[in-house]
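Biologist: Before we go through this model, I would like each term set against its cut-off. Please show me the structure first.

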Amino acid sequence: MADLDALLRDFADECAELERIVTLPPADWSKPTPAPGWSIAHQIGHLAWTDEVATMAAADADGFAKLLEQAAPKAFTFVDEAAEEAATTPSAELLDRWRRGRDALIEALRAVPHGTKLPWFGPPMSAASMVSARIMETFAHGQDIVDALGLTRTPTARLRTVAHIGVRTRNFAYSVRGKTAPAEEFRVELTAPDDGVWAWGPEDAAQRVTGQALDFCLLVTQRRHRDDLALEAVGADAAEWLTIAQAFAGPTGAGRAAGQFD
């Protein structure tokens, strides 16, 4: 069973690390990121808005249901609209909004009764699954920001949550593309930042994926192209999965071009 308190601490730490990175002169917030049309301000605005919506899902189910009804006709364009609106906010105000929003989300998720499923844009999820998704998204959009700034981040054990979502969403990656997922489970073995091994799936599985945890996390969040990562696949199905893996909800992403960050 997932340790909610530990996940909430990891979420707070992931956000705090990114906040240190975006403590920048206001002009730098307009720098473009690898996400087409999105500046650093768009990235932080998206995180702030999504944390606020997640708080609503945890603390105000009726309010979230109304939001979902309003958003339905727009497919997923409402996500871009929210980021565009947030990006017009002065950087200091947007940073404060993001900070207050994530603090509110942590408190809201901590208060969710055990066993409660929270509504979301996809299937309902537990509080632990919700904060796990927020860790994954903060990592992914944070990667866009550090790429825009020409920085690198030291991998941490928080990547395990991102990798876990990447493994768990294997079948989703197929279904969102109208494909049928393989019936057999894959074995995924990743080298953790401390050189330990994180593993999922049967030890004797014929189809396997191995490599660095960071590379796998960059792949499943579509922040790096498959060809630019040192991941090994055994089996045709496992190799195909690495070309379509997607840890995030919504339509298929365009990802990043091969060699974009050489």
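Modeller: Strand 1 and strand 2 pair in the antiparallel sense over 4 bridges. This is a predicted model, in which local features need pLDDT of at least 70, side-chain atom pairs count only at pLDDT 80 or more, and totals for chains, interfaces and linings use all residues. Residues are numbered from 1 along each chain as its sequence is written, and side-chain values use heavy atoms, with hydrogens and water left out.

Biologist: Why are strand 1 and strand 2 called a pair?

Modeller: Two strands pair if DSSP finds at least two bridges between them. Strand 1 and strand 2 have 4 bridges, so the definition is met. Threonine 191 stands opposite valine 197 in strand 2. The two strands form a hairpin with 5 residues between them, and aspartate 195 in the turn has a positive phi of about 75 degrees. Strands here are DSSP runs of E with at least two residues, helices are runs of H or I with at least four, and both are numbered from the N terminus.

Biologist: What is the strand order of the sheet, and is the sheet open or closed?

Modeller: The sheet is open, with 4 strands in the order 2-1-3-4 and mixed pairing. Strand 2 (197-200) and strand 4 (232-234) are the edge strands, as each pairs on one side only. From one strand to the next the twist averages 10 degrees. Strand 1 (residues 187-191) and strand 3 (residues 208-212) pair in the parallel sense over 5 bridges. Arginine 187 stands opposite arginine 208 in strand 3, and valine 188 has valine 209 as its bridge partner there. Strand 3 and strand 4 pair in the antiparallel sense over 3 bridges, with threonine 210 opposite glutamate 232 in strand 4.

Biologist: Which side chains of strand 2 are buried?

Modeller: The side chains alternate along strand 2: Trp198 and Trp200 point to one face and are buried, while Val197 and Ala199 point to the other and are not. Buried means under 20% relative accessible area, exposed over 50%, and partly exposed in between, with a 1.4 Å probe and protein chains only.

Biologist: How do you know that arginine 134 is buried?

Modeller: Its relative accessible area is 2%, and the cut-off is under 20%, so arginine 134 counts as buried. Arginine 134 is found in helix 6. Not counting residues up to four places away in sequence, arginine 134 touches Phe11, Leu47, Thr50, Asp51, Ala54 and Leu105; contact means heavy atoms within 4.5 Å.

Biologist: What makes helix 9 largely enclosed by the rest of the structure?

Modeller: Helix 9 is called that because 7 of its 8 residues are buried. They are Ala213, Asp215, Phe216, Cys217, Leu218, Leu219 and Val220. These residues pack against helix 6, helix 7, strand 1, strand 2, strand 3 and helix 10 (236-244). After helix 9 comes glutamine 222, whose phi is positive, near 60 degrees.

Biologist: How do you know that the span of helix 5 agrees with its number of residues?

Modeller: The expected span is 1.5 Å times one less than the number of residues. For the 20 residues of helix 5 (residues 91-110) that gives 28 Å, and the end C-alpha atoms are 29 Å apart, which agrees.

Biologist: Why are the buried residues of helix 5 placed on the same side?

Modeller: The buried residues include Leu94, Leu95, Trp98, Leu105 and Leu109. The buried set covers an arc of only 165 degrees around the axis, which puts it on the same side of helix 5; the arc is that of the directions from the helix axis to the C-beta atoms. On the other side, Ala92 and Arg100 are exposed. The buried residues pack against helix 1 (4-21), helix 2 (40-59), helix 4 (77-86) and helix 6 (127-149).

Biologist: Why are helix 1 and helix 5 called roughly antiparallel?

Modeller: Their axes come within 10 Å and cross at roughly 175 degrees. Axes are lines fitted to C-alpha atoms, for helices over the stretch in contact, and angles run from 0 to 180 degrees between N-to-C directions. Angles under 35 degrees count as roughly parallel, over 145 as roughly antiparallel, 65 to 115 as roughly perpendicular and the rest as oblique. Helix 1 and helix 5 are therefore roughly antiparallel to each other.
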